[in-house]
Every structure is written in C-alpha cells, then in structure tokens.
Amino acid sequence: MVKKILIIVMAMFLSIISFELFLRYSPFSYGVSPVLYDKDIGMWHKKNFSSYAIKECYNTKYFFDENGLVDINYIYNDERKDVLILGDSFTEAIMVKNKNILHNSLWKEFKGKYNFLNYGLSGTSPTQQYMILVKKANLNNVKTILQIINIDSDLYDVDPKNIDSFSRPKVAIKFISVEDYFIIPPRKQGLKDKIIDIIGSYQIYVPLKKSIYFLKKEVKKFISNNKIKEKKTIGKKMVNLAQNWLQIEGAIYQTKKLLKSKGIEYIVIINSEKKDNIEQLVKILHRYSIPFLNLYDLTSHHILTLPSFSCDKHWNDEAHINLAKYIFKSGIIK
C-alpha cells in the first residue's frame with residue numbers, strides 16, 4: 001500500500017515537473033506572477049524582476065526596478081522634479097512595450113523636463129492607490145500626482161466586501177465619511193499566500209489560476225441558476241451604490257488632503273464609458289477643485305484615439321503614446 005502511494009506521489013510530481021518544462025519551453029507559455037505578498041498593500045511587484053506578459057494578442061517583456069516600479073526607459077535625473085502616475089492595470093501596462101508605456105512616453109513628450117514614475121498596480125482602486133502613496137511613494141521630490149481612475153470598475157472594486165478571498169490579499173479602507181475612516185489591512189501572510197508566492201514563480205501558476213477561476217465561475221452560475229427568478233429581479237432593484245461612491249469620494253478627498261499638505265498638485269484622468277458615472281465623478285472632482293481630463297469627451301469627439309488589445313481591452317502601445325501626446329499638448333501638467 002505504501003509503495004503504491006509513493007508511486008502515485010512520484011508520478012504526480014514528475015507530471016507537474018514535465019508540464020512546467022513544457023510550458024516554459026513551448027509556444028504555450030503563460031508567463032509567471034508579477035507580484036509577491038506585501039504586508040502594507042497586500043501585493044506588490046517583484047523587485048529587480050522581468051518576465052513576459054502573454055495572451056493571445058501580445059507577448060511582451062516587462063521590467064520592474066529595485067523598488068518594484070514599472071521600469072523607466074531613461075536615466076533618472078536628480079535635478080528634475082518627479083511626476084508620479086497612479087492607476088490599475090491600464091497604468092501598469094505590462095502588456096505594452098516598456099518604452100511606450102505612459103510614463104516613458106510622457107518623459108519623451110516633455111523632453112526630460114520631469115521624471116515620470118509609474119506606480120500603477122493591477123487590481124487596485126483609488127483606496128489602494130491612496131495607500132500606495134502613503135506606504136510606497138517617496139513624495140519628497142514630487143511635483144504632480146497623475147491618477148487614472150477607471151470608474152466603471154473602480155466603483156465596485158472600492159467596496160471592501162467585493163475583495164475576493166481567492167485573489168491576492170489587498171488593503172482596503174472603509175469610509176464612514178470623507179474625514180472618518182478606518183484601514184482594513186491585508187490579511188496576514190498565511191500558508192496559502194506563501195504557497196501562492198512559490199507557485200507564482202512557475203509557469204504552472206497561470207493555468208492553475210485560470211482553472212480555479214473557471215471552477216468558481218461555474219459554481220456561481222450553478223447556484224444562480226437554482227435561485228428563484230423573482231428573487232433575482234428583486235435583488236437587482238435593491239442595489240444601492242451610495243456607499244461605493246462614498247468610498248470613491250473618501251479616497252479622492254484623502255489623496256487631495258495629503259498632497260495639499262505637501263504642496264503637490266493632483267490631477268485625475270477619467271476613463272469611463274458610462275455618462276452617469278462620469279457625471280458623478282466630475283461632481284466630486286469639482287467639489288475639491290481637482291483638475292481632470294475626461295477621456296470619454298476626447299474619444300467620442302475624435303480628439304484622441306485610444307485603441308486597445310483585442311483579447312483583453314487594455315490600451316495598446318498606440319493608445320499610451322497618443323495619451324502622452326495629448327497630456328503634453330493639453331498643458332494640464334505645467
């Protein structure tokens with residue numbers, strides 16, 4: 001019996017090793033996880049690291065520096081002020097060639113007048129981005145914070161209740177009012193997180209992650225299909241996003257408050273396809289006198305073109321270059 005168990009375990013081990021080698025040295029490579037557990041944010045980019053972002057429509061090498069930031073494509077100048085860019089995967093943009101990512105394209109447009117640094121992190125909303133400013137950013141030499149808010153997704157991601165227990169841990173903030181809030185730290189690094197970090201260094205991580213999400217989705221679908229249709233309809237009518245908007249406003253207010261105390265200007269770029277969301281966010285930005293660019297107005301009037309990758313809708317190289325050109329021409333960064 002013991003011999004049979006050892007044979008099965010050995011066979012499984014060899015199968016995993018074989019599958020890992022196959023993925024690593026075949027056209028079916030998926031890349032590895034770009035992040036590790038972080039006690040302050042929940043996850044943060046691996047430091048001094050490079051790998052490939054791989055999907056059906058791109059295969060791009062990305063680079064992170066010694067601080068875990070998306071790497072710069074120029075020589076940092078200590079005599080120049082910094083412009084920090086906050087955002088989610090659209091800002092992080094590991095699927096875009098490094099030289100074309102927004103921060104590097106902006107440096108090129110401004111001809112090195114400022115150092116543009118990319119603090120984008122996939123899966124974050126304005127609450128996590130505020131904590132990134134507090135915990136990760138050195139603000140001593142910063143002139144401007146430029147934040148890209150994808151409000152259509154952030155409106156839901158900003159709610160602490162929507163943080164998936166199967167996903168990487170994330171810090172969250174619960175706002176009672178814009179002034180009154182408490183921080184919900186990321187869960188402590190447990191065995192699950194340690195195992196994920198180990199597996200995340202291997203090619204098998206991505207197909208394993210996809211399999212888990214697929215199974216989870218199917219389970220949700222099964223449960224949903226077994227609910228009474230009337231109950232589902234009632235549930236939809238009861239959705240109230242007032243608290244979600246409070247979380248968005250609180251994060252923006254606290255970011256503005258922090259930056260004002262340090263004499264740093266704050267600019268927001270709104271990325272949204274929903275006019276109601278845009279109008280609500282614009283009201284908040286006007287309330288706190290925060291300058292902004294509304295990408296919907298620019299793209300709908302064909303002033304700016306922001307093409308995306310066909311397989312996941314993230315902005316492609318051309319979009320990052322175009323946005324950098326427009327930001328420069330707009331004069332919003334003095």
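Lysine 39 is a good place to start: with a relative accessible area of 61%, this residue is exposed. In this predicted model, lysine 39 pairs with aspartate 40 in a salt bridge whose closest N and O atoms are 3.4 Å apart. Its partner sits on the other side of the burial scale, because aspartate 40 has a relative accessible area of 19% and buried means under 20%.

That pair belongs to a wider set, since the structure holds seven salt bridges. Step back to aspartate 38 and you meet another of them, this one to lysine 136, with 2.6 Å between the closest N and O atoms. Aspartate 38 lies in strand S1 (residues 35-38), while lysine 136 is in the loop between helix H4 (126-135) and strand S7 (142-149), so the contact ties together parts that are 98 residues apart in sequence. Aspartate 38 counts as buried at 11% relative accessibility, whereas lysine 136, at 24%, counts as partly exposed.

Now follow the chain into strand S7 itself. Lysine 143 forms a salt bridge with glutamate 265, and here the closest N and O atoms are 2.3 Å apart. Glutamate 265 belongs to strand S10 (residues 265-270) and lysine 143 to strand S7, so this pair links parts 122 residues apart in sequence. In this case the lysine is the buried partner, at 18% relative accessibility, and glutamate 265 is partly exposed at 29%.

Finally, turn to the surface for something without charge. Ile176, Phe182 and Ile184 form a nonpolar patch there, together offering about 270 Å² of accessible area. Of these, isoleucine 176 is found in the loop between strand S8 (172-175) and strand S9 (181-184).

Methods: Residues numbered from 1 in each chain as written. Predicted model: local features only at pLDDT ≥ 70, side-chain atom pairs only at ≥ 80, totals over all residues. Heavy atoms only, no water. Patch = residues over 30% accessible without salt bridge, like charges linked within 9 Å, V, L, I, M, F, W, Y side chains within 5 Å. Areas by Shrake-Rupley, 256 points an atom, 1.4 Å probe, with all protein chains shown as cover. Salt bridge = Lys/Arg side-chain N within 4 Å of Asp/Glu carboxyl O. Helix = DSSP H or I, 4+ residues; strand = E, 2+ residues; numbered from the N terminus. Buried < 20%, exposed > 50% of the residue type's maximum accessible area, 1.4 Å probe, protein only.
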